[in-house]
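Let's take a walk through a protein chain, stopping at a few spots along the way. Have the picture open as you read.

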Amino acid sequence: MEQKPRRKVEDLLQIQEEVQKNWERAKVFEEDAPEDSTQKEKYLVTFPYPYMNGRLHLGHTFSLSKCEFAVGYQRMKGKQCLFPFGFHCTGMPIKACADKLKREMEDFGYPPSFPAEAETKEELVEVDVTKDKSKGKKSKVVAKSGGAKYQWQIMKSLGLEDEEIKAFSDPMHWLEYFPPRAVEDLKKMGLHVDWRRAFITTDVNPFYDSFVRWQFIRLKERGKIDFGKRYTIYSPTDKQPCMDHDRASGEGVGPQEYTAIKMKIVKNMPEKIRVLGKPAFLVAATLRPETMYGQTNCWIHPSINYIAHEAINGEIFITTRRAALNMAYQGLTQNQNEVTIVAEISGQELIGIGMESPLTSYQVLYALPMLTIKEDKGTGIVTSVPSDSPDDFVALRDLKTKQPFRQKFGVKDEMVLPFEAIPIVEVPGLGNLSAPTICEKYKIQSQNDADKLKEAKDIVYNKGFYDGVMLVGPHKGKKISDIKKLVQKELTDVNQACIYMEPEKQVISRSGDECVVALCDQWYLKYGESDWKAVTKQALDRVDTFHEEVKKNFLSTMDWLREHACSRTYGLGSKLPWDEQWLIESLSDSTIYMAYYTIAHLIQGNSFDGRSPNALDIRPEEMTPEVWDYIFFKEAALPKDTRISIENLNKLRREFQHWYPVDLRVSGKDLVPNHLTYYLYIHTAIWPKEPEKWPKAIRANGHLLLNSEKMSKSTGNFMTLSEAVTKYSADGMRYALADAGDSIEDANFVEKTADSGVLRLFTLIEWTKEIIEKLKSNSYRIGEYNFNDLIFENSMNEKINESSANFDRLLFKEALKTCFFEYQEIRDKYREQTMEDMHRDLILKFIETQALILSPICPHVAEHIWTEVLKKEGSILNESWPKVAQIDAQILRARNYLDEAIHGFRTRKIAYKTLIIGKAGKKGAVRKIEEPTHATIWIAKSYPRWQAIILSTLQERCTPEGKLPPNNTLSEIFGKLPELKKYMKKVMPFVQAVKESVDKKGLEALKQNVDLDEESVLKEIIPYLKNTLELEHIDIKNSDDPFADEKTKQDCVPGSPFIMFRCEKVSLKFINPQPMSGLFEVEVPIIEGDTLQTLRDRLCRNVKQLKDPKKVDVFRYDDPILGPRRLPTLEWEFGKIRIMDTDRFSIDTISNTVSLIQNGSKQDIGYQLVYIVS
């Protein structure tokens, strides 16, 4: 991006530095629980602590900005607010990266010399080094760090030197390096965090380690943890689970669950299978077992080589080799961890086999060819449900309509033609055959329409799963999303299916083999337990999720969630208290740490690892399970045999009891299926009898795009928090983050918006300074409020209330709109309509309230205005949200009326100035006409008779919700009314206009009168209307005036004034004879009744060099005919007569002449006057 001038940014950076110093000195964000019971309402907000394997980026910042804006606002609403922040170090990534660095030094020396083929070939670009902005250092790094093959290269891309990288081979160095830098970056953002409560996780922090161990002791005691075989990614070569750090590719990939449908071969069995003498099954892996009611066939790829292998119970399974290997490690084959192949068979040999398949209404299905099946996904055999799968429907249709295709693969007509799609699911908007319906809608012709098919598949799957209702079977009438697991269980219980797992994507171990999913011994949390799930759903019912889609995602997760492995053998973390060979994994030690925040400042000792002396002189080993119980459980007894004093124990307990529960947790929506759901589960398990301790609100947001593209280091479209603050200032960045988006969809940080924010904020500061200086010199009006003042005051109050509502609902894009953009607009409109004659008290109120309502989003600018410009005592962060008086609805109605009227007047003037008088080819010939000087505003007390009849009829037919009958019904009704026959061409256009007005205004649009005095309201702003429309005179008349023409009477209705322009002027030449004055001849219009003063004002408007009307004198010639023809002389006064203040001008537009009225007599002044500037 082009480098822009930095002065404004640097000014904002300097302001934020001073403001942040003052906040830190005043310890503004440090909050403790009050000691007395009389306490104000509290507000605890948390954000998932970020993982400490790098610097924080804009994606982190977007989510935590929601917490930040909420805290800033709630603080102003009088609540005691706490925003704590921690840093996550548990898990495998840090240890894996450190070990990689260690191995790379062992394999390639120090500094490592990597093989030539490993060097990246990406273009080198210059980027800011993120490690230390104060040094202003830049480095040549790879633009696509995703091309780095080795961990060392990745660290290099962060701008680190070899000697620095070497230290990262010790995982403890990561814990020491990144958390302090994260705090530094967050402080520069101005985060409202109590940093005394900051900590890191893992057993490096003995206090947090004790807390996590206590949590797991209690979970195990309550039966929430068990030990047994769990599905995990496994390396057959290494004969052990293959965790992320052991993988050459596929990091982050987990097991994917399928239902393996057993389709028994009953017809056309290949000889090599028949001779085995055992029941044989084609096994198809499906994600949608509930749709098996709609099977019409199964699909086989003719070119894939399948195998028949021995399964449990003496059965034969036919699958791909890859699927068979996965099954072997899941207890589905005859011999554990072994595949016994009894036959190899091509896909072509399987085509035409007849099978019995569970749930379908067809007795025999056939195996048919499909060329899009992938060998590395599922079992290579696919069930076909053409009613609800666009892929299946189109493939089956192709086979039916293309006889040569059937002939090529040996498919007989009876295997295809009798089979039709079976209606099994009713989907809103798509009916009971959703796949055929959407294929027809998208005009999908064949399987070659891949893009259309993908889009159709996504729509059908999502709508079908979440909104579809079952039409058949024992679950008829139930939602599809509710029965998936039920159908799966029913099938497995009767041995018609089995659970089959495989990696979500291909995983290759460092040994080079493709990993499988295996059943391994694990400690796991029993999230599938029905009672626990039921209670957690109750907890979810209490949670404000802000978006219905988020709640649906929670419920969907709870429906499929069963068990979660909570132990690992590799990485960083806390050890299981009862089995210390296992570490507690990262999603399991991070579920209720928000409770730890409440007391962290008393035991962490202002250190990340808790190893410094703390305020209560408590040692980690003294934090026994009984002590933790006393702190967190209201009914727990005082612990025995503890050195911790009762006073300190009660202090710890008081902190927790005061701050808990969490009032708001903000996170990316990707954490709903894991962390956020576990967060709810563990809260209900730890505090089962205290639902008041369960979370109150969860705000999930989408991912953050940068300039409308996905943020990615590999493409260079990436920005860290530190870079954003340096580039745009904290408030410029916060402004763009607020504007980025409020919905569950992906948000968009636009750099041009951040630039605009910098300019707007800088301009606000400068304008405020200018106004305050003017206030000192009493440049503004005082006294009673006039009409414009009342509109401005009520408009401010309205926007303050709207902003409050937006902040309450965490709609920060909308809040920025109402508290800044629209708030500035009402100021600008006030300034314009008063023509700078603003009221002193109101303009001061605007500045104060603007600073206050903007402070949650842009606190540094607001603080600067509050303390440095307005010279207020104390921080703006300690101020309250502005209290507003009762809004005068009548004033706002008048404002809205005027806004619409003024817009209509301006539009009408544009139409007046351009007149179409003929046609030239396809374009109209246009001529410009004279600028209007006068206008008449017509207002109406009532609608024309025919319109009143229509409105009365619409009122009768309108529902309470504002719904009107369709136009064809209304047309029939109005066609029968004799009073409307004369106006039938106008009836339906008028009806449509009224309907559109109802959509905007509601039922008020059907009223036949308006609740205000239109004439009085318009008279209040006549001076402004004359100025903005550039008119000399405006009069107001009623449409029932006998002189009003028929068009005016028909077009003018209550609430919609109609303006008619006209030109009443005669133009004269004005010359300036003063030598070297730089003033020239100018043509100026003369209006009936003009005075010397109005003429001076008009001259100044037409001649830019003239600034002060008082310095202008005007003269006429003593001989209006010969005077202008005389040769100019240096004695310019000769033959001229000064025009006096008491003189009046009179015009005759027919003869196009001007006269001057002096002392009752009329003098012809010709076509030219003289103006002199003193």
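## A small sheet

Before we start, one bit of vocabulary: two strands count as paired if DSSP finds at least two bridges between them. Keep in mind, too, that this is a predicted model.

Now look for an open sheet made of four strands, which run in the order 6-5-21-22 with antiparallel pairing. At its edges sit strand 6 (240-241) and strand 22 (564-565), each of which has a partner on one side only.

Zoom in on one of those pairings: strand 21, covering residues 516-525, joins strand 22 through two bridges, in the antiparallel sense. Here you'll find L525 facing H564 of strand 22.

## One buried residue, one exposed

Is S210 buried or exposed? This residue belongs to helix 7, residues 206-221. S210 counts as buried because its relative accessible area is 12%, and the cut-off for buried is under 20%. Leaving out residues up to four places away in sequence, S210 touches P620, M623 and W628.

K710 is another story: it sits in strand 28, residues 709-710. With 67% relative accessibility, K710 is exposed, since exposed means over 50%. Skipping residues up to four places away in sequence again, K710 touches L705 and N717. Its C-alpha atom is 9.5 Å from that of D746, a residue 36 places away along the chain.

## A stretch with a label

UniProt, in an unreviewed entry, marks residues 1064-1173 as the domain "Leucine--tRNA ligase ubiquitin-like". How much of residues 1064-1173 is helix, and how much is strand? Helix takes up 10% and strand 37%, and the C-alpha atoms at the two ends are 28 Å apart.

Methods
Residues are numbered from 1 along each chain as its sequence is written. This is a predicted model: local features need pLDDT of at least 70, side-chain atom pairs count only at pLDDT 80 or more; totals for chains, interfaces and linings use all residues. Side-chain values use heavy atoms; hydrogens and water are left out. UniProt positions are given in the numbering used here, feature names are shortened, and annotations may be inferred rather than shown by experiment. Buried means under 20% relative accessible area, exposed over 50%, partly exposed in between (1.4 Å probe, protein chains only). Contact means heavy atoms within 4.5 Å.
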